[in-house]
Each structure stands twice: as structure tokens, then as C-alpha cells.
Amino acid sequence: MSTAAIEAKSLTKEYDNGRGCRDVSITVGKGEAFGFLGPNGAGKSTFVKMLVGLIHPSSGTGTLFGHKIGSLEAKSLIGYLPELYRYQEWLTGEEVVRLHARLCGMQCSVADQRIPQLLDEVGIGKRGRDRVKHYSKGMQQRLGLACALLNEPAIMFLDEPSSALDPIGRQEVRRILQKLKEKGVTIFLNSHLLEDVEVLCDRMALLNNGVILRHGKVSEVLNKRMSWRFKVGGYAPILLSWLNDQTGLQIRVSSHTEESIDSSTVWLEAELESEEQVGWLNTLMVEQGMTLYEVSRQQERLEEWFMNAVSGLNHRGEQE
Amino acid sequence: MRIIMGMTWKELLRKRVMVLTLIMTAVFLIGFWFIAGTIGQNTSHGSSISSGEELLIRFANGVFILTFGFFFGAFVIAFLAIFSSFSAISGEAEQGVMQALLPRPIPRWKWYTGRWLGYVTLGIGYALILFISILLITQAHAAIPRDGLALFKSFLLFSSIVPLLITISMLGSGFFSALGNGVFMTMLYGAGWLGGMIDKVSSSLLSGTEALKTLNNMTGIMSLLMPVDGLQRRMTAELFSINEMNGMFNASNNLFELVNFNSVPSNTFIIYAIFYTLLAFLIGLYRFQRKDL
């Protein structure tokens, strides 16, 4: 087996309407959790469908654990939860999973043991005996997850896995994915819920209008700008100049100045390297007669990173 | 392939397409029993035949009843074939059923062939039930052909419209949306049926005229596009062994008008229909292999 779980080289899918993916190259290591982000219509689902063999690429190549994408060998390694799907509504939930088990070549005795366990794990339980037509969207999503987990895949492709779930369901899915990650399963997560990506993924890429805009480690993005905010009273602009001269830092009045109670109470913010600097700054502020009401650490959220990356782009994904 | 075929059977049975069809068939057969009884009233019942004339009357009644029965029967199996398979690809792709199944390690050709076999076997099974039922009801009220080979050949022809229609329907489903394909198939089947009707009427009303020639060309094209009606005419001819009975009765008798013995398709037409089905199957399979889902 190859060392890379996913290796896509210049994968391209061109549609007549100009949408699709262009020249997408990524490598995802074994056991890695990879987040694939992008606004609606960016081409995320197209890319995932190429990897699982539902869409034929116009050009480029891709492998899963060294096997060509779309080949039976590659397909036997994957679990896939599509974004838009429906299961055969004339079957019961249990029968749907059994059908998938048979298509995976699973022995009946193994399936008999595994299916009830799996249905319990995803929260369907005894409702597995109900016809799928009686399932809510959330239940169908749980059923989809059960099917995706069935063959104990080496790589899981999840396209918006918790979009139809309530907060409890979302937590459960996150727990299941976390367990999979601990087991060493490679996860390719395509999600609008950036919180899921933040919690679960090691690396991520941002796709917009079919091309990758940015990529990198999640931890690097989240720790890039560790800024701190201080709510102070007795503020005067001259004090801010003094503080900047003394510390060599770039302390500024926060853009959230509307939160100030009066003109002398403001939020100040600064990028600091360590918590020791917070204490030092605190002492200086108090020495200058300011009153410190509150200190908080501001970590840049993925949402902010995402918004910054896609803002200023026109509908073609070009810089305006 | 067996898994997909089994899934298709389950689908048709669970969706109650088959159950509903069987209920409506039972209703038809009850009605057919009374109609056959009314037509067969002018002959004595039982197996004893008192004269050659009565034999001919019983045969003529049998021809009429069977022709009527199979005329309706062909409609039913045609619509069952079309409506069970018209959304096989596009409908499932639109709903997202395929997106969940096809990433499994199963070649697309096996999926396609499995679906095809599932629809065809159920359709042929239903055609067999209908075929036997029509024969038994007719037997109770008139004479039916008893030549085993003729019955076998006619059943093959009767049921041959099932694979033909399902193949074209699945091919269309690879190109058109579910709704579009339903309309396309109904229109195509209707065109074939209309071609047969025009052929039947024109051959008796416009014999020997230039207009007949033009109409024959038109109906010929219709039959080539949708050979179902031609297959049904050949089926009727095989059932009554028309070639062997040539000259034994007057084919212009009112009772035989419905049958249209004058234009029975040749063996070449049957071979054409087989190749047509095979080609449609292969194109459908190729299309499905290349289709983005």
C-alpha cells in the first residue's frame, strides 16, 4: 500500500456551465483527518465524487492507497456518506445496511453480528426495523453513517455528515469520527460546519470556484494570531502611545469600541507571544492609572480565516 | 449481479407495482371470462364436436377471444415493463439512491445488468401468468390451439416485448430525466402501436392503391423504431399456425379482421428486433459506464 491515503494530481472536472474543479492537487496521509472547505458551489462535492468513483475526471489522476480512483480495489477501502442521498425507502434500515454488506462481500454471519451493533452505535437501534420511508432526514443521515462505517473502511469520505442533525446528533457524530481517527482511519471531511473541522481535522484546504485557494495545518491557522483583549477604564489616547513606546508592541483600540460604556472605557487588543507578556502589560496599565476590568484571549476562529480567504473574490474566484 | 437483481424484485414487490398489477389483472380476467363466455355462446360446450362446421366456429371464436385477450395483455405487460423501469437510472440518480450504492465495490456493468435482469425476469413471469390465464379462460368457452411448439413460440414472442421495452426504457433513462423518459417511452410505444393500427386499417381499406404504399413506408419506419406491434402480430400468427392453415378458412371473415393475418412480420423482422434489443442494451450499458452521478 502507498504511504498516502489520497493522492490527487491536477484532478479536473469541467462542466458545460463552467463549474467543476480545476487542477486540484492534494495529498492526504494515512490516518490523517483532512478538512475540505469552501462556499456553496465551490466544487467540493464534485471533487469528493471523483475520489469515490461517481464522477469521471476530465483530466488528472488520483489514487487511494495507491489504487486508481474508481477501481474496485479503491472502492473496497472507502466508506462514503454523500451529501445528497436517499436510501431505498421500500427497505427497512436494517435491510439497507444488509444490502451494503452484501455489496461489500461481507459474510452473512459477520453482517448478522455487525449490523445491530452499528445501528445502535449511530443511534438508530430498534428503529432499524422500520421502513426508511418513515425516517426523518436526521435518521437517514444516521443510517448513511452506519452504511459508511459498515466495512470498517480505511478511509472515510464525509460530505456534510451532520447537516441534518440536531446538536445532540452532531455531538454523537463528532464522537464517532473522533473514535475513527483514534483507530487510524483516514478522514476526508467536507463540511460547512467549521467547528467540526476545527475539532477533528489536522489539515485543511479551501476550495473556491474549483481551485484551491489556501491549504495548511489547522493548528497553524488557529494559532497564527494569538491576540489578547483588555477592557480598561481611565483610558486616554496619550496612554496608548506611551504603552506602545514602552513595550514595542502594536497595541490598538479594538474595533469593538461600541462596546465601551463611556469614552474612557475601551477594549484594547494586541498580539502577544506569551502569557507572561499579559502580566507585564497589566502592570504597566495599572501603573499608568488605568483600571483593568477584563482580559481575554482571542483565537482566530476558522470561520474568520474562511471569511478572510473568500472575501474580496468575485463570483469567478478572482481577486477584485 | 444477483444482489442487484434480488433488490429489484424486492423493489417491485414492496412498491406494490406488482401487487397492484396482479389485482388489476384479476379484475381484467374476470371481465374477460364473461366476454369470452358471451362470444362462445353460439357453440356447444364440452370437448365433443358434432360437425366440421362447429369445429370451425369454435376455432373462429377461439381466435377472436384470444386475439382480444392478447391485445389487452400486450398493453398491460408493455406498461408494466415501461413504468417499472423508466426511472431506473435518472430517477435513482436524481433522488440520490445511486450515490450511496455505487461507491461500493461493484462494477457498473453488473449493476446495470442486475437491474435489467430483475425487471425482465419479473416481467416475463407476469407475462407467463397472463398468457396461461388467457388460454385457460378461452379454452373454457371456445377452442384453443394445442400445438405445444406453437404455444411455446407464441409465448416467446408475447413475452419478448418485456426485454425489448425494458432495454429501451433503461437506455432512455441514461439520457433523459425520469419524467422525460416516461413521456418518451409512452410516445414511442404509442407510435409503434399506431403504426400497427394504420397498417391493419390501410391493408383492408386501401388495397392496391398508391396511398397504401406510402402508408406502408410510414408504418414500416414506425415498426423499426418500436417493433412491439410487429412482434405481437407475429405472435398471433404463430399461435394460430397461420402458415400451416393457409386456405383452410376465410381470413376475410369478420371474426378474423382483428387479427390482420395479411401482414405477418418475417423471420428477418424477428432477427432485427433481437439485434435492436441487443444494441440498445449495449449502448445503455456504455452510457451508464460513462455517466457522472
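Biologist: In which sense does H2(B) pass H6(B), right-handed or left-handed?
Modeller: The crossing of H2(B) over H6(B) is right-handed, meaning that the near helix is turned clockwise from the far one by less than a right angle, while anticlockwise would be left-handed. The labels come from DSSP runs numbered from the N terminus, with helices being H or I runs of at least four residues and strands being E runs of at least two.

Biologist: And what kind of model is this?
Modeller: This is a predicted model, in which local features need pLDDT of at least 70 and side-chain atom pairs count only at pLDDT 80 or more, whereas totals for chains, interfaces and linings use all residues. Residues are numbered from 1 along each chain as its sequence is written, chains are lettered from A and ligands numbered from 1 in the order in which they are written, and side-chain values use heavy atoms, with hydrogens and water left out.

Biologist: Back to that helix pair: at roughly what angle do the axes of H2(B) and H6(B) cross?
Modeller: The axes of H2(B), residues 17-39, and H6(B), residues 108-141, cross at roughly 15° and come within 9 Å of each other. Axes here are lines fitted to C-alpha atoms, for helices over the stretch in contact, and angles run from 0 to 180 degrees between N-to-C directions. H2(B) and H6(B) are therefore roughly parallel, a label for angles under 35 degrees, with over 145 being roughly antiparallel, 65 to 115 roughly perpendicular and the rest oblique.

Biologist: Which residues in H2(B) meet which in H6(B)?
Modeller: On the H2(B) side they include Met18(B), Phe28(B), Phe32(B) and Trp33(B), and on the H6(B) side Leu122(B), Tyr126(B), Ile134(B) and His141(B) are among them, where contact means heavy atoms within 4.5 Å. The residues of this contact between H2(B) and H6(B) divide into 13 nonpolar, six polar and no charged; Ala, Val, Leu, Ile, Met, Phe, Trp, Tyr, Cys and Pro count as nonpolar, Asp, Glu, Lys and Arg as charged, and the others, Gly among them, as polar.

Biologist: How do H6(B) and H8(B) cross, then?
Modeller: The axes of H6(B) and H8(B), residues 161-173, also come within 9 Å, but they cross at roughly 145°, and this crossing is right-handed. Trp116(B) and Tyr119(B) are among the H6(B) residues that meet H8(B), whose side of the contact includes Pro163(B) and Met170(B). That contact of H6(B) with H8(B) holds ten nonpolar residues, two polar and one charged.

Biologist: Is Thr113(B) buried or exposed?
Modeller: Thr113(B), which is found in H6(B), counts as buried because its relative accessibility is 13%; buried means under 20% relative accessible area, exposed over 50%, and partly exposed in between, with a 1.4 Å probe and protein chains only. Leaving aside neighbours within four places in sequence, Thr113(B) is in contact with Met1(B), Phe281(B) and Leu285(B).

Biologist: How many helices and strands are there in chain B?
Modeller: Chain B has twelve helices and zero strands, and 53% of its 293 residues are buried. Among its contacts between residues at least 6 apart in sequence, 83% join residues at least 24 apart.

Biologist: Let's switch to chain A: in what order do the six strands of the open sheet stand?
Modeller: The order in chain A is S6-S7-S8-S3-S9-S10, with mixed pairing, and two strands pair if DSSP finds at least two bridges between them. S6(A), residues 78-81, and S10(A), residues 211-217, stand at the edges with a single partner strand each, so one side of each has no neighbour in the sheet. The twist from one strand to the next averages 15°.

Biologist: How do S9(A) and S10(A) pair?
Modeller: S9(A), residues 203-208, and S10(A) pair in the antiparallel sense over six bridges, and Leu207(A) has Ile212(A) in S10(A) as its bridge partner. H1(A) packs on this sheet, touching S3, S6, S7, S8 and S9 of chain A, and its direction makes about 150° with that of S8(A). H5(A), residues 137-149, packs on the sheet as well, touching S6 and S7 of chain A, with its direction at about 170° to that of S6(A).

Biologist: How many of the nine residues of H1(A) are buried?
Modeller: Eight of the nine are buried, and H1(A), residues 44-52, is mostly covered; Phe47(A), Val48(A) and Leu51(A) are among the buried ones. Gly53(A) follows H1(A) and has a positive phi, near 90°.
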